[in-house]
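Visitor: Please choose a single part of this model and take me through it closely. I would like one connected account rather than a list.

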Number of protein chains: 2
Amino acid sequence: MQGTNHDDLRRRNLSIILRLVHRGGAASRAQLTRLTGLNRSTIGALVAELVERGLVEERMPDPTRLAGRPSPIVAASDRVVALALNPEIDAITVGVVALSGVVHRRIRFATRSSPTAAEAVAITVSIVDKLRSELSEYSIIGIGVAVPGLVRASDGLVRHAPHLGWVDEPLGDLLAAATGLPVVAANDASLGVTAERYFGAGQGMTDLIYLNGGSSGIGGGLVVGGVAAGGRAGYAGEFGHVRVSASGQKDSAGIAGTLEAEVTRDALLEALGLRASETDADTLERALLASDSPVVHAEVARQLDFLAVALAGAVNVLNPQVIVLGGFLSALHAVDPDRLSRAVAALSLGTAFDGVRIAPALLGSNLLLIGAAELAFEALLLDPQLDRGNTFALSALGARAAVSPASHPR
Amino acid sequence: MQGTNHDDLRRRNLSIILRLVHRGGAASRAQLTRLTGLNRSTIGALVAELVERGLVEERMPDPTRLAGRPSPIVAASDRVVALALNPEIDAITVGVVALSGVVHRRIRFATRSSPTAAEAVAITVSIVDKLRSELSEYSIIGIGVAVPGLVRASDGLVRHAPHLGWVDEPLGDLLAAATGLPVVAANDASLGVTAERYFGAGQGMTDLIYLNGGSSGIGGGLVVGGVAAGGRAGYAGEFGHVRVSASGQKDSAGIAGTLEAEVTRDALLEALGLRASETDADTLERALLASDSPVVHAEVARQLDFLAVALAGAVNVLNPQVIVLGGFLSALHAVDPDRLSRAVAALSLGTAFDGVRIAPALLGSNLLLIGAAELAFEALLLDPQLDRGNTFALSALGARAAVSPASHPR
DNA sequence: AGTGATACGTTGCCAGAGTCAACAAATCAT
DNA sequence: ATGATTTGTTGACTCTGGCAACGTATCACT
């Protein structure tokens with residue numbers, strides 16, 4: 001329970017304004033005045049400080065059709081960026097995402113085999129090194145990592161990433177040492193919920209559930225009472241391992257009858273007669289919608305019914321406003337939204353399900369990059385007055401081979 | 001996204017101090033200084049304001065064995081109270097709970113049959129009326145109601161309380177009109193979690209799950225990321241209706257195979273050969289522990305295994321620090337804690353279950369009164385500067401029959 | 001075009017809250 | 001009794017947001 005003093009007050013207000021323009025998009029000063037309830041002069045002073053720190057930019061007019069003096073538009077800067085990293089089985093993806101929401105760059109480096117943590121770091125460093133000249137024009141806040149597995153929130157230790165074959169890999173520390181930048185890492189699904197919550201299907205929601213179906217399982221995340229649920233150690237959101245059936249079918253963790261064991265993309269592909277390697281999310285959805293095979297329909301119905309058990313459980317316990325489905329779960333939902341709705345309704349309390357919307361995820365392939373960048377931005381959003389040694393980090397990166405990280409000043 | 005101005009700052013700091021002494025018990029000024037990080041002089045001023053408002057009292061010294069000038073002890077007032085109300089099938093319980101945590105009074109009014117909402121209000125008013133002289137010495141903040149059913153958080157409308165047979169009863173409005181006091185109502189289980197969180201087995205926890213087993217079902221509540229989860233409309237925490245089995249056994253809401261359908265107190269009593277009416281929670285626990293009947297053991301094992309399914313699901317999704325079990329679930333747990341632990345471990349991700357403690361609820365019969373009072377105190381804790389017209393309310397109460405509530409000033 | 005209305009940024013002054021430093025007070029240790 | 005230590009108290013200070021008057025930029029109507 002921290003007390004609040006004068007400095008905190010300023011910080012908070014700066015933070016609130018920066019959050020507003022970052023998450024809500026550009027806004028006029030007048031709008032900020034109304035949204036925050038602060039005085040015009042105060043907004044003026046706060047915006048001025050943010051401009052001076054290079055965090056926001058003021059664009060003039062904007063074709064306004066209102067009477068009165070036009071209000072300058074305040075927008076989050078394009079030049080303040082976070083690096084986003086997403087290691088996967090067959091590729092490392094690095095993104096350069098601006099505070100304004102723009103994804104400046106997105107580089108996918110395909111790997112022959114699943115990379116080790118050290119390889120992932122090396123590849124990231126080499127990609128970033130190639131971008132040096134471009135990056136030198138930006139202020140780099142830090143690196144956000146979306147890991148397909150369980151990550152300890154405190155230090156970015158990857159506890160267990162089954163698909164990558166990583167166990168207790170100190171990815172966060174390795175990356176920080178190699179780049180000199182602050183690194184934050186989290187589970188990919190929980191970053192998906194962050195992205196969808198601020199920029200996608202969950203905008204403005206305080207209670208939402210997000211489930212993502214990937215090739216290797218089902219993950220998810222949740223927002224409860226406006227707070228992203230991390231749990232005791234950041235492992236919350238593992239909807240895939242919730243039990244939904246009495247069958248003996250086991251999932252990747254060896255637990256029987258779970259959502260992940262019953263609802264799989266592979267089973268859908270098999271029913272459709274498609275190959276996993278050549279089927280992305282959109283193709284799958286189109287194929288499912290186009291199919292009139294009774295086998296496919298039966299499989300879809302079976303999976304929807306199991307999905308409903310998990311969703312109903314979550315509805316009863318969390319009484320959310322919206323359930324967002326991503327990946328192949330979105331395709332599954334698209335085939336027969338009514339069936340899913342009815343099944344969830346049948347298995348949940350009427351009052352709790354009342355008003356719950358089931359919606360497909362809106363953000364596509366940039367989802368994880370945006371989520372990961374958001375994670376890195378969080379420190380800045382929390383304290384816009386924080387000094388950032390971005391130039392340093394970059395030079396450190398260039399000299400990485402020659403100088404040991406420990407010898408850098410600071 | 002509200003901005004913070006000077007007044008808010010003061011309010012926040014007052015709020016933080018009041019919360020600290022209310023929830024953490026009495027503390028010296030020096031301790032408050034350390035806890036909040038605020039300046040000594042600031043703490044002095046803030047405490048002085050709280051004293052002046054009658055919300056806290058300063059007791060002198062306290063046998064301290066430290067060197068230095070002794071610091072006055074700041075304690076929440078005994079004279080600032082909330083009324084707590086808990087309507088049940090066979091009784092109405094009214095409590096007078098002080099901000100200090102003391103339960104001044106607890107009056108149980110047995111009813112022959114399940115009371116209607118109007119009857120509950122009438123009984124409450126008459127009980128409060130009898131306490132008039134005692135209450136006149138107190139400052140009454142408001143009324144908190146713990147309802148065994150679904151309550152809309154915004155206005156205290158009881159949507160559905162199956163055991164009382166209430167549907168859409170505007171209990172909150174009725175009580176407010178009859179007493180002139182602010183009324184807040186919530187589900188009894190979610191108030192249980194509040195009470196346990198602040199004063200019981202969940203002290204200091206940011207992520208906890210609470211399940212309570214009552215004679216008529218299983219309810220619960222949860223705290224996620226330090227925030228009590230209410231959900232979209234305050235219906236969160238209905239663990240009883242989560243599906244745990246493929247059986248056709250239906251629960252009170254007509255859903256098959258749920259926790260509430262499989263895990264019941266009646267089944268335990270039947271196995272033990274006991275009568276519901278003459279068995280309270282303690283008796284049940286003792287009987288279960290003493291029994292060596294294989295029938296009883298089998299039933300306990302069966303129920304524990306189903307309970308484990310629900311808990312494991314919650315563990316996977318929420319990654320809590322502690323699971324608190326109340327009511328007959330506490331007794332069930334006491335019989336074979338290891339079995340439950342092992343079963344939950346087997347059904348949840350190792351990393352997510354790692355470090356989760358399963359503990360019995362600590363607060364006994366005052367649980368709901370404390371939780372309900374806490375609900376009523378919340379407004380005061382949020383804004384200690386709020387003016388309260390307590391004297392008014394009391395006189396209004398006495399004159400209730402003669403004067404219509406609308407004609408009261410303010 | 002000219003004029004008024006409207007909306008908004010700017011400026012200088014003010015009030016309130018927390019900080020700071022010096023001092024006083026109350027205890028323990030020697 | 002003296003000093004060390006911890007803490008409350010007091011008044012000067014700083015910083016932040018509020019406020020009101022003023023200036024400015026647009027729209028709408030004549």
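Guide: A residue counts as near a strand if one of its heavy atoms lies within 4 Å of that strand, and with that cut-off we can look at the surface near DNA strand C, keeping in mind that the model is predicted. Around DNA strand C there are 28 residues, of which R29(A), S71(A), N13(B), S41(B) and T42(B) are the closest. By class, these residues divide into eight nonpolar, 13 polar and seven charged. Of the DNA strand C atoms within 4 Å of the protein, 61% belong to sugar or phosphate, while the rest belong to bases.

Both chains build this surface: helix 2 and helix 3 of chain A, together with helix 1 (6-23) and helix 3 of chain B, each supply at least two residues, and helix 1 of chain B gives the most, with four residues. Particular atom pairs show how the strand is met. A polar side-chain atom of R29(A) lies 2.6 Å from a phosphate oxygen of DNA strand C, and an N or O atom in the side chain of N13(B) is likewise 2.6 Å from a phosphate oxygen of that strand. At a base, by contrast, the partner is backbone, with a polar backbone atom of R69(B) lying 3.3 Å from a base nitrogen of DNA strand C.

Helix 2 of chain A, which spans residues 29-36, also has a buried side, formed by L32(A), T33(A) and T36(A). These three lie on the same side of the helix because they cover an arc of only 105° around its axis. What covers the buried residues of this helix includes helix 1 (6-23), strand 1 (27-28), helix 3 (40-52) and strand 3 (73-76) of chain A. After the helix comes G37(A), with a positive phi near 80°.

The other DNA strand makes a useful companion to this picture. Of the 27 residues around DNA strand D, S41(A), R69(A), R29(B), R69(B) and S71(B) come nearest, and sugar and phosphate account for 64% of the strand's atoms within 4 Å of the protein. A polar side-chain atom of N13(A) lies 2.9 Å from a phosphate oxygen of DNA strand D, and a backbone N or O atom of R69(B) is 2.5 Å from a base oxygen of that strand.

As for the two chains themselves, a turn of 180° with a shift of 0.1 Å along the axis lays chain B on chain A with an RMSD of 0.1 Å, which is the relation of a two-fold axis.

Key. Residues numbered from 1 in each chain as written. Chains lettered and ligands numbered in written order. Predicted model: local features only at pLDDT ≥ 70, side-chain atom pairs only at ≥ 80, totals over all residues. Heavy atoms only, no water. Buried < 20%, exposed > 50% of the residue type's maximum accessible area, 1.4 Å probe, protein only. Arc of directions from axis to C-beta. Contact = heavy atoms within 4.5 Å. Polar contact = N/O pair within 3.5 Å; in protein donor to acceptor, adjacent residues only side chain to side chain. Least-squares fit on C-alpha atoms with pLDDT ≥ 70 in both. Nonpolar A, V, L, I, M, F, W, Y, C, P; charged D, E, K, R; others polar.
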